[in-house]
Each structure stands twice: as C-alpha cells, then as structure tokens.
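Welcome, and please open your viewer. We will take this tour one selection at a time.

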Amino acid sequence: MSKTEPKTGPKSKPEPGELQKSQPKPPSGDNRRGAVAGLVIAIVILGVGWWLARDLTAASRMQDCLMSGRSNCNVIEPAR
C-alpha cells in the first residue's frame, strides 16, 4: 500500500430498513466455570495439606518417642 491510499474505505451509514448486526454476548457460564474450577483446586490443595500435616505430626511424635529410648511407643486406644 502506498501512503496516499486509505487503509480502510469510508464507512457507509446503514439504511433505515437494514438490521444492524450486534455483537453476541459472551456466555456467562465460562466465568463461573473458571471460578468453580479454582475453588475445587484450592479445596483439594487444602485437603492434601491438612492430611500431610497430620501424617507428619504423627510421624514426628513417633520419632520423638523412639529417640527418647522408649520401646513401647504405639498409641493404645481405649475400647469403647
């Protein structure tokens, strides 16, 4: 293109009988789907972190008991 040529032609006004094309609205479900997916991922990460913390705490207590020289470190739960 040369510098003297316009990049786009002049826009004509629509005639009164013509329908104007409107842009379609984006679906609103996509926004919620991303938010719900993020919430589910956050809940899963929190659940795994909670489980891992409890498991590591129990292992740490067992190791502390064994390092203190005791031989009976198993947890005995009373009968119901």
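**Start with the helix**

Select Val-36 and you land in helix α1, which covers residues 29–67. Keep in mind as you look around that this is a predicted model. Now show the whole chain as a cartoon: how many helices and strands are there in the chain? The count is one helix and zero strands.

**Next, the nonpolar patch**

Keep Val-36 selected and add Val-40, Val-44, Val-48, Trp-50, Trp-51, Leu-52 and Leu-56. Together these residues make a nonpolar patch on the surface, with an area of about 830 Å².

**Then, the disulfide**

Select Cys-65 and Cys-73 and show their side chains as sticks. A disulfide joins them, with 2.0 Å from S to S. A search of the whole structure finds one disulfide, so this stop needs no second visit elsewhere. Is this disulfide left-handed or right-handed? The torsion about the S-S bond of Cys-65 and Cys-73 is about -85 degrees, so the disulfide is left-handed.

Are Cys-65 and Cys-73 buried or exposed? Both are buried.

**Last, the whole surface**

Zoom out and turn on the surface of the chain. Of the 80 residues in the chain, 2% are buried. The accessible surface comes to about 8,600 Å², and carbon and sulfur atoms account for 59% of that.

Notes. Residues are numbered from 1 along each chain as its sequence is written. This is a predicted model: local features need pLDDT of at least 70, side-chain atom pairs count only at pLDDT 80 or more; totals for chains, interfaces and linings use all residues. Side-chain values use heavy atoms; hydrogens and water are left out. A disulfide is a pair of cysteine sulfur atoms within 2.5 Å. Buried means under 20% relative accessible area, exposed over 50%, partly exposed in between (1.4 Å probe, protein chains only). Patches are made of residues with over 30% relative accessible area and no salt bridge: like charges are joined within 9 Å, nonpolar side chains (Val, Leu, Ile, Met, Phe, Trp, Tyr) within 5 Å. Accessible areas come from the Shrake-Rupley method with a 1.4 Å probe; for residues, only the protein chains shown count as cover. A salt bridge is a side-chain nitrogen of Lys or Arg within 4 Å of a carboxyl oxygen of Asp or Glu. Helices (H or I, at least four residues) and strands (E, at least two) are DSSP runs, numbered from the N terminus.
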